[in-house]
Amino acid sequence: PNAPILISFPETNELVDSLAKFITKAQKDSIDKKGRFTIALSGGSLPKMLRGLIDNPQIKWAHWQVYYVDERVVPLDHPDSNHRACTENLFSKVPIPADNIHAIDTTLLNDLEELSDAYEKTLIHEFAQKDAARFPVFDLILLGMGPDGHTASLFPGHDLLNEEDRWVAYVDDSPKPPPKRITFTYPVINHAARVAFVAAGKEKAETLPTILDHPEEGLPSSRVKPVFPGQLYWFVDNAAASKVAYP
Ligand code: 6PG
């Protein structure tokens, strides 16, 4: 696999600008090649880190197809909803067609299995037949990392860390509230063309060296290892990177 690329910025605003440039280039490459850009977004602090995409004339919103890496099992207007966070921070401020944003089917909130299967079907629809494609290849997947090393809704020690077949699965025991979530699995994350973690703030400082230098500990974020030729990036600020030993 390609070695991960770690880029650290003194200030959050610089991280935000650089992330916007990176996403702009990824969408241009993808749209030039195949006329669309498939991207998956996380929740947490990530949506507000996307503000560099607002008022950006280079973004071709009509060609974006947006999915959620993970989503909390709540109505779309609930304060915990990742879709709501992305809408408030980004989609309400840019000319993206509503049909290009693929939220969970909230008629299925009472059945986690059905809900995650339905979301897997939306991916199958985008990426053609599950059997033929085997795994979807997103142009870009954006991830956050929790202080416990989790990413998406893949938590330390959970059975889902070993899922090899399903594209989307659910958890009903998330240690980070709310407990019920659906999430992409590693086969989906690790088949993307580009995967970028965005991690800012000193509460990430203790964990980052473990993730980067001690994959043998098996923390969820260490298991993100894109299959060649996929590339992994880390966009971090100096506060998050303060304990990383540079070679
Ligand atoms: C979620 C997220 C989750 C998040 C991390 C980091 O829905 O909870 O997708 O995986 O990205 O917990 O969160 P912060 O960026 O807020 O630290």
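The shell of residues around the ligand divides into four nonpolar, eight polar and three charged. This is a predicted model. Among the 15 residues around the ligand, those that come nearest are S42, G43, G44, S45 and G144.

Two strands lead up to these positions in the numbering. Strand β2 covers residues 37-41, and strand β5 covers residues 140-143. β2 and β5 pair in the parallel sense, over two bridges; I39 has L140 as its bridge partner in β5. On the other pairing of β5, three bridges join this strand to β8, residues 194-199, and the two run parallel. Here the bridge partner of I141 in β8 is V195.

The side chains of β5 alternate: L140 and L142 point one way, I141 and L143 the other way, and all of them are buried. In soluble globular proteins, nonpolar side chains tend to be buried together. The largest nonpolar core of this model has 63 residues, and A40, I141 and V198 have the most contacts inside it. Apart from neighbours within four places in sequence, A40 is in contact with Y67, Y68, V69, F138, I141, L142 and F184.

A second alanine, A26, sits in helix α1, residues 12-34. A26 counts as partly exposed because it has 18 C-beta neighbours inside 10 Å, where 20 or more would make a residue buried. Neighbours within four places in sequence aside, A26 is in contact with D139, L140 and R194. L140 is thus named both as a contact of A26 and as the bridge partner of I39. The C-alpha atoms of A26 and G52 are separated by 14 Å, with the two residues 26 apart along the chain.

Technical notes: Residues are numbered from 1 along each chain as its sequence is written. This is a predicted model: local features need pLDDT of at least 70, side-chain atom pairs count only at pLDDT 80 or more; totals for chains, interfaces and linings use all residues. A residue is near a molecule or strand if its C-beta atom, placed from the backbone, lies within 6 Å of it. Ala, Val, Leu, Ile, Met, Phe, Trp, Tyr, Cys and Pro count as nonpolar, Asp, Glu, Lys and Arg as charged, and the others, Gly among them, as polar. A residue is buried if 20 or more other C-beta atoms lie within 10 Å of its own, exposed if 12 or fewer, and partly exposed in between; C-beta atoms are placed from the backbone. Helices (H or I, at least four residues) and strands (E, at least two) are DSSP runs, numbered from the N terminus. Two strands pair if DSSP finds at least two bridges between them. A nonpolar core is a set of buried Ala, Val, Leu, Ile, Met, Phe, Trp, Tyr and Cys residues joined through C-beta atoms within 7 Å. Two residues are in contact if their C-beta atoms, placed from the backbone, lie within 7 Å.
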